Each structure stands twice: as structure tokens, then as C-alpha cells.
Amino acid sequence: MPADLTHLESPRFALSRQGPADEAELLALYADARVMRYIEPGRPPEKVKAALRRADDQWNAHGYGYWVARARGGGPILSAVMLMRDEARQDVELGYLVAPSHWGQGVATEVCQPVVEAAFGAAGVPFLVARVEVVHGASLRVLGKLGFRRTHQTTEGAVLEWFRLDAPAAR
Ligand SMILES: CC(C)(COP(=O)(O)OP(=O)(O)OC[C@H]1O[C@@H](n2cnc3c(N)ncnc32)[C@H](O)[C@@H]1OP(=O)(O)O)[C@@H](O)C(=O)NCCC(=O)NCCS
């Protein structure tokens, strides 16, 4: 189990382990068609809740999972960042979303940075993967700014571009 990663910080934001008190706000974000356009349009709330429960189990077992980000002074959830273990693929996938009111202000790039550092640092994750629809320019750009490199494409309904970022020691 890594050191306590339940609270992380970036220059403008405070990140904390997602918990039951965050569920209503997260459900509202996951119900927003703009947020879900390239993730899964129309994802039912039950599926969102199940993912949040799985993330909580993963926190308990491995010490990392989903974080929610708020402005440092408090306020609503502005972003969520996820480190999702995939036992079948044997990897850890980075995911992120930002409230549409705050798009285009560098939020995603900023909140992912401490999570990526925690993954490679205290959590000891050797590499991260990410996947993005090839037409999702903003998300492709976020991964580029974080240093991820393209690995391959798959077609799962949409065409997905897969990315990888190795821990600094392996670069
Ligand atoms: C994708 C998302 C996370 C980006 O969040 P954000 O806080 O606006 O991202 P940032 O501001 O850190 O960076 C966005 C970058 O993409 C660029 N960009 C925006 N729209 C773009 C587009 N259509 N094509 C190419 N680049 C684009 C921005 O200019 C910026 O790059 P820059 O800093 O070089 O100017 C946000 O739009 C979101 O939450 N979308 C819904 C959820 C989602 O799709 N998550 C990712 C699933 S793969």
C-alpha cells in the first residue's frame, strides 16, 4: 500500500479521494452530455455508481483510485481524475474530466500532473496508459502536454488512439 495519496495539490486545485459525499456532484457531471460525448453518451447513473464503488474498492486495496478536484479555497467539484487498474490488461489507465464551465483553462493538464507524479512515485506504477477517440482534439492535446506517446489504435465502435507514459526511471 503506497503512502497516503488521499490528498494531492496543484497550484490552483486541491484533489481529494472521491467519497460518498461527492456522489451527487459526480453523477451530475457524468449526466452532462458535453462531458460524456467521447466517454459514453447516455451512460446510466447505475453504471456510474458501480464505477465509483469499484474505484472505492480499488482505493482500499491499492491506495489510489478516483480523485475529485476543487479550487484550493473550496467550492464545487471542477474535475475528476482517475487511475484505473485493469487486471486483464495488467495496466493502469489515466482518465480525467473537467466541468464544461472550466474547459480551456488548463485545468485537466494541471490536475493530472500530481496524479501522474503520485502514480510513478508513492504508488509505484511502472507505466500509465490512456485512450482517446482520434477525433477528440482537446484530450489528445492534454495527453501530449503530459508527455504521453501514441502506441496503437483500436476500433471499439469509435477509433481509439492508445497512449503510454513510462515512469521517469524507465524513460
Ligand atoms: C478533454 C478535457 C478533459 C480537456 O480539459 P481542459 O481543462 O479544457 O484541458 P486543458 O485546458 O488542460 O488543455 C486542453 C488543450 O486542448 C486544446 N484544445 C481544445 N480544443 C481542441 C480541439 N478541438 N482540438 C485540438 N486542441 C484543442 C486547448 O487549446 C488546450 O491546449 P493548449 O494548452 O496547448 O492551448 C475536457 O474537455 C473534458 O472534460 N471533456 C469531457 C470529458 C472527456 O472527454 N475526458 C477525456 C476522455 S478521453
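**Exercise 1.** Which strands does α5 lie across, and at about what angle does α5 run to β6?

*Solution.* The model is predicted: local features need pLDDT of at least 70 and side-chain atom pairs count only at pLDDT 80 or more, while totals for chains, interfaces and linings use all residues. Residues are numbered from 1 along each chain as its sequence is written.

Step 1. Helices (H or I, at least four residues) and strands (E, at least two) are DSSP runs, numbered from the N terminus.

Step 2. Helix α5 lies across β6 (127–133) and β8 (158–166). Contact requires C-beta atoms, placed from the backbone, within 7 Å.

Step 3. The angle of α5 to β6 is about 155 degrees. Axes are lines fitted to C-alpha atoms, for helices over the stretch in contact, and angles run from 0 to 180 degrees between N-to-C directions.

**Exercise 2.** Give the strand order of the sheet, and name its edge strands.

*Solution.* Step 1. Two strands pair if DSSP finds at least two bridges between them.

Step 2. The order is β1-β2-β3-β4-β5-β6-β8-β7, an open sheet of eight strands with mixed pairing.

Step 3. At the edges stand β1 (7–9) and β7 (149–156), each of which pairs on one side only. From one strand to the next the twist averages 25 degrees.

**Exercise 3.** Describe how β3 pairs with β2 and with β4.

*Solution.* Step 1. Strands β2 (residues 13–17) and β3 (residues 66–71) run antiparallel and are joined by five bridges. F13 has A71 in β3 as its bridge partner.

Step 2. Four bridges link β3 to β4 (residues 79–86), again in the antiparallel sense. Here W67 stands opposite V81, and V68 has A80 as its bridge partner.

**Exercise 4.** What surrounds the ligand, and which element gives the most residues to the shell?

*Solution.* Step 1. A residue is near the ligand if its C-beta atom, placed from the backbone, lies within 6 Å of it. Of the 20 residues around the ligand, A108, T109, G137, A138 and R141 come nearest.

Step 2. Two or more shell residues come from each of β5 (91–98), α4 (107–120) and α5 (137–146). Helix α5 gives the most, five residues.

Step 3. The shell holds 12 nonpolar residues, seven polar and one charged. Ala, Val, Leu, Ile, Met, Phe, Trp, Tyr, Cys and Pro count as nonpolar, Asp, Glu, Lys and Arg as charged, and the others, Gly among them, as polar.

**Exercise 5.** Classify the exposure of D56.

*Solution.* Step 1. D56 sits in helix α3 (residues 45–62).

Step 2. D56 is partly exposed because 16 other C-beta atoms lie within 10 Å; 20 or more would make a residue buried and 12 or fewer exposed, with C-beta atoms placed from the backbone.

How values were computed:
Two residues are in contact if their C-beta atoms, placed from the backbone, lie within 7 Å.
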